Amino acid sequence: MMINWKQEVENRKEGFIEDLRSFLQIKSVLDPDTAKEGAPFGEGIRKGLDFLLETGEADGFRSKDLDGYAAHLEFGEGDELVGVLCHIDVVPEGDGWSSDPFAAELRDGKIYARGAIDDKGPTMAAYYAMKIINELGLKLTKRVRMIIGTDEESNWQCVKHYFKHEEMPTIGFAPDADFPIIYAEKGLFDCEWRQVKSSETNEGDVRLLSFQSGRRLNMVPDQAEAVLEGNVEIEEIAAEYKEYLNELQLIGKLSVENKRFIFHLEGQSVHGSAPEKGKNAGLFLLNFLSRYSFDQGGQNFIELANGYLTGDTEGNKLEIKDSDDITGPLTLNTGIMTYTTTDGGIFGLNLRYPVKHDFESTQRKLTSVGKQYGYELNEIEHLTPHHVPKDHPLIKTLLNVYEKQTGEEGYLISIGGGTYARSLEAGVAFGALFPGEEELAHQKDEYVDVENILKAAAIYAEAIYELAK
């Protein structure tokens, strides 16, 4: 049967845009304060999950909700299962947007919203792909299931819970990255250095009272604040700070309240998989503070940062730098930095390492370095590397569909980011960002290009049909 997939998507364009904008207007950000039974990650994420489930049920899909941790929409018949893994949670909106990040404003052929490309736009494209196949009544020999995650941007509790109760798809893809195909993903290690015991000594000219930078481990911090007190002249320290900011072309300010010096610094946030493209506000501020002599607790916090983290996203200072021919170089993002005189210091680290990397050696190194400064290493999350062989039938099918619909030669990509594809034994990331498109996931003014996401929906429709027919 010859099917014009692009035309089928075009026939549903108006409904697609309406559904996508409604979906994006839901602030599905992790919110522990509103978490409850059935909504383990908060009311916003629960609302986003309900929207997709109710839409799917109205369109005739079979649905299942697994305690609010995850859910799925399914159609087709057969013993084998094709999985489409999506997520409806989004990172915090951040600052500096040119429009309300949850208004889903449509202008110049683009929809601007947090989650537009990561991952609500691609999720809606995959949903409409399933909708088209189902509405056309095409005969399938396998079931097709959209697995909906709710905690991808944090700790992946959703898929862990899901696969404790549900079967593993035979093959599948995650529409949560780039075209043509991402066949390999680095290992992901989220961890923290936490100060074992805070020092209350008052040695040094200056005392660090508090430090705060970063919201998520997988984001480069764009804001930092430090509060100091001590024996320094405001005119002198203000001049030095101004010179530092000018030299590095950074924005910041210094104020004084109740004889306390309050430093602010602005950086540039990007996704933690490419920390070298951002400006880490916390590390820049700690670098500036290293010129002063602090109390012991503050001194250890600052020295650990500047000795092993500042100005280094490759692990050179830690002697863990590595690269391979499948996934490329190791990257290190310092996503969270906090310090108080009562609780001590914490560094939240997001490490992405190559498929062939000796992870155990790196873990030992991190433990050893932290210990030198009175910090212990705590594991938060560890996802081992993921790799599907180039000659796998899944890859051949998806490449063929991509080349047929785009007229472009397909090729394979490896990434440092983590997608739900690694949750599958045989899964890859497949779109929805086309080669050459601007990458704004986790950044201000994130958007999805309407024509491109419609084109992605057509690719997904044919791909799902070819995998499940």
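Rings of Phe, Tyr and Trp count as a pair when their centres lie within 6.5 Å. The model examined in these exercises is a predicted one.

**Exercise 1. Aromatic rings**

Task: State how many aromatic pairs the structure holds, and work through the pair formed by F41 and Y69.

Solution.
Step 1. The structure holds 30 aromatic pairs.
Step 2. In the pair of F41 and Y69, the ring centres are 5.6 Å apart and the planes meet at 85°. Planes over 60 degrees apart count as edge-to-face, and the pair of F41 and Y69 is edge-to-face.
Step 3. F41 is in the loop between helix 2 (13-24) and helix 3 (43-58), while Y69 is in the loop between strand 1 (62-66) and strand 2 (70-75), so the pair ties together parts 28 residues apart in sequence.
Step 4. F41 has a relative accessible area of 4% and is buried, whereas Y69, at 25%, counts as partly exposed.

Task: Do the same for Y241 and F263, then name the members of the aromatic cluster that includes F173.

Solution.
Step 1. Y241 and F263 form an edge-to-face pair, with 5.0 Å from centre to centre and 85° between the planes.
Step 2. Y241 belongs to helix 6 (residues 234-248) and F263 to strand 14 (residues 260-266), so this pair ties together parts that are 22 residues apart in sequence.
Step 3. Y241 and F263 are both buried.
Step 4. The cluster consists of F173, F179, Y402, F430, F434 and Y460.

**Exercise 2. Charges over rings**

Task: Identify the ring under R107 and the ring under the charged end of K110.

Solution.
Step 1. R107 lies over the face of Y112, 3.8 Å from the ring centre.
Step 2. The charged end of K110 sits over the ring of Y447, at 5.4 Å from its centre.

**Exercise 3. The two sides of helix 10**

Task: Check the span of helix 10, then sort its residues into buried and exposed.

Solution.
Step 1. Helix 10 (residues 393-406) has 14 residues, and its first and last C-alpha atoms are 20 Å apart, close to the 20 Å expected at 1.5 Å a residue.
Step 2. L394, I395, L398, L399, V401, Y402 and Q405 are the buried residues of helix 10. Viewed down the axis of helix 10, the buried residues fall within an arc of 165°, so they line one face.
Step 3. P393, K396 and K404 are exposed on the other side of helix 10.
Step 4. The packing partners of the buried residues are helix 1 (5-10), strand 7 (171-174), strand 9 (181-185), strand 21 (412-415), strand 22 (427-429) and helix 11 (450-468).
Step 5. After helix 10 comes G407, which has a positive phi near 75°.

**Exercise 4. The two sides of helix 6**

Task: Repeat the analysis for helix 6, and follow L245 to its contacts.

Solution.
Step 1. The 15 residues of helix 6 should span 21 Å at 1.5 Å a residue, and its end C-alpha atoms are 21 Å apart, which agrees.
Step 2. The buried residues I237, Y241, Y244 and L245 are in helix 6. They cover an arc of only 95° around the axis, so they are on the same side of helix 6.
Step 3. On the other side of helix 6, E235, K242, E243, N246 and E247 are exposed.
Step 4. The buried residues of helix 6 pack against strand 13 (251-257), strand 14 and helix 7 (281-289).
Step 5. L245 is buried, with a relative accessible area of 7%. Not counting residues up to four places away in sequence, L245 touches L250, I251, G252, K253 and L265. L245 and L265 are 20 residues apart in sequence, and their C-alpha atoms are 8.6 Å apart in space.
Step 6. Q249 follows helix 6 and has a positive phi, near 55°.

**Exercise 5. Nonpolar cores**

Task: Describe the largest nonpolar core and the second, separate core.

Solution.
Step 1. In soluble globular proteins, nonpolar side chains tend to be buried together.
Step 2. The largest nonpolar core has 78 residues, and W5, F16, M124, F173, L398, F430 and Y460 have the most contacts inside it. Helix 11 gives the largest share of this core, 14 residues.
Step 3. Leaving aside neighbours within four places in sequence, M124 is in contact with F16, D19, L20, F23, F51 and L52.
Step 4. A second, separate core has 47 residues, including V206, L208, Y292 and I302.

Terms used: Residues numbered from 1 in each chain as written. Predicted model: local features only at pLDDT ≥ 70, side-chain atom pairs only at ≥ 80, totals over all residues. Heavy atoms only, no water. Phe/Tyr/Trp six-rings, centres within 6.5 Å; stacked < 30°, edge-to-face > 60°. Helix = DSSP H or I, 4+ residues; strand = E, 2+ residues; numbered from the N terminus. Buried < 20%, exposed > 50% of the residue type's maximum accessible area, 1.4 Å probe, protein only. Lys NZ or Arg CZ within 6 Å of the ring centre and 35° of its normal. Expected span 1.5 Å × (residues − 1). Arc of directions from axis to C-beta. Contact = heavy atoms within 4.5 Å. Core = buried A, V, L, I, M, F, W, Y, C linked by side-chain atoms within 4.5 Å.
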